[in-house]
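Open the structure in your viewer and keep the selection tool ready. We will go stop by stop, and each stop tells you what to select.

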Amino acid sequence: MKRLVGYFLRGLVLLAPLAVTIYICWLVFVTVDSWLGLPVPGAGFAVTIVLVTVVGFMASTLLRRVLNRIIGLVELAIGRLPFVRLLYTSTKDLLNAFVGEKRRFDQPVLLTLAANSSLSVLGFVTQSSLAGLGLHDHVAVYLPQSYNFAGNLLIVPATSIRAVPAESADVMAFIVSGGVTQL
C-alpha cells in the first residue's frame, strides 16, 4: 500500500503542474475568444497577439509620435478618474517592471534584516534613491511572497543589502517557489 501511495504522489507531482498550466492557458484562450466573439477556437487569441504586436511595432517606428500623443490623451483622461487612474498606473508600472524598458526587478539583493544578524531575505531593489522622500541613504527593496502574487516593500539602509550574482528571473522563481526551485 505504501508503494502505491508513493506512485500516486510521484504521478501527482508530474501531472498537476502540467494540468494547471494547460487549464490556465485554455482559460485565457476561451476568455479572449469570448471577448471577440469569433467562431474559430483560438482565433481571438491569435488576433489579440497580432494586434498587440502591431501596436508595439507602431510605437517603435514612424507612428511613434502619433501613437504616443493618442496614448497621452487617453492617460490624461484616465488621470482624472481616481479609481481608474490607480488601476491603470498600477498595471502599467507592474508590466513595465517586468517587461518594459524600465525594468525594476533586475537587481536581486540579499537583505540583512537586523544588524549583527545572520537572518536575511532575498528581494529586488526597485528604487536606488529615495531622496524624494528625504531618505538619502535608503533604498526600496521589494520582497515577493512565495506561492502568491503579492509581496512587501521595505525601505532599508543601503548598507543592509548585498548584490546577488544571479539572474533576476532565477531569483524570482526561487523566491516564488518558496526556495524549491534550484538557482
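Which residues in α1 meet which residues in α2? Select V28, F29, V32, D33 and L36 in α1. Then add A43, G44, F45, V47 and T48 in α2. These two groups meet, and contact here means heavy atoms within 4.5 Å. By type, the residues of this contact are seven nonpolar, two polar and one charged. Ala, Val, Leu, Ile, Met, Phe, Trp, Tyr, Cys and Pro count as nonpolar, Asp, Glu, Lys and Arg as charged, and the others, Gly among them, as polar.

Before you move on, a word on the model. It is predicted: local features need pLDDT of at least 70, side-chain atom pairs count only at pLDDT 80 or more, and totals for chains, interfaces and linings use all residues. Residues are numbered from 1 along each chain as its sequence is written, and side-chain values use heavy atoms, with hydrogens and water left out.

**Stop 1: the two helices**

Now select all of α1 (residues 2–36) and α2 (residues 43–60). Two packed helices are described by the angle between their axes and the distance between the axes. Here the angle is about 80 degrees, and the axes lie 7 Å apart. That makes α1 roughly perpendicular to α2 (65 to 115 degrees counts as roughly perpendicular). The axes are lines fitted to C-alpha atoms, for helices over the stretch in contact, and angles run from 0 to 180 degrees between N-to-C directions.

**Stop 2: the whole chain**

Colour by secondary structure. You should find five helices and five strands. From the N terminus, the order is α-α-α-α-β-β-β-β-β-α. Helices (H or I, at least four residues) and strands (E, at least two) are DSSP runs, numbered from the N terminus. Of the 183 residues, 18% count as buried. Buried means under 20% relative accessible area, exposed over 50%, and partly exposed in between (1.4 Å probe, protein chains only).

**Stop 3: the cores**

Select V109, L111, V125, V139, V141, L143 and V156. This is the largest nonpolar core, with seven residues. Such a core is a set of buried Ala, Val, Leu, Ile, Met, Phe, Trp, Tyr and Cys residues joined through side-chain atoms within 4.5 Å. Strands β1 (108–112) and β3 (138–144) each supply at least two of its residues. The largest share, three residues, comes from β3. A second, separate core has six residues, including F124, V164, V171 and I175.

**Stop 4: A140**

Stay in strand β3 and pick A140. Is A140 buried or exposed? A140 is buried, with a relative accessible area of 3%. Beyond its neighbours within four places in sequence, A140 is in contact with residues including F124, V125, L153 and L154. Now measure from A140 to S129, C-alpha to C-alpha: they are 7.8 Å apart in space and eleven residues apart in sequence.

**Stop 5: T112 and S160**

Go to T112 in strand β1. At 32% relative accessibility, T112 is partly exposed. Next, find S160 in the loop between β4 (151–157) and β5 (161–163). S160 counts as buried, at 18% relative accessibility. How far apart are the C-alpha atoms of T112 and S160? They are separated by 5.5 Å, with their positions 48 residues apart along the chain counted as the spacing. Residues up to four places away in sequence aside, S160 touches L110, L111 and T112. On the same basis, T112 touches S117, L119, S120 and S160.

Terms used. Parallel < 35°, antiparallel > 145°, perpendicular 65-115°, else oblique.
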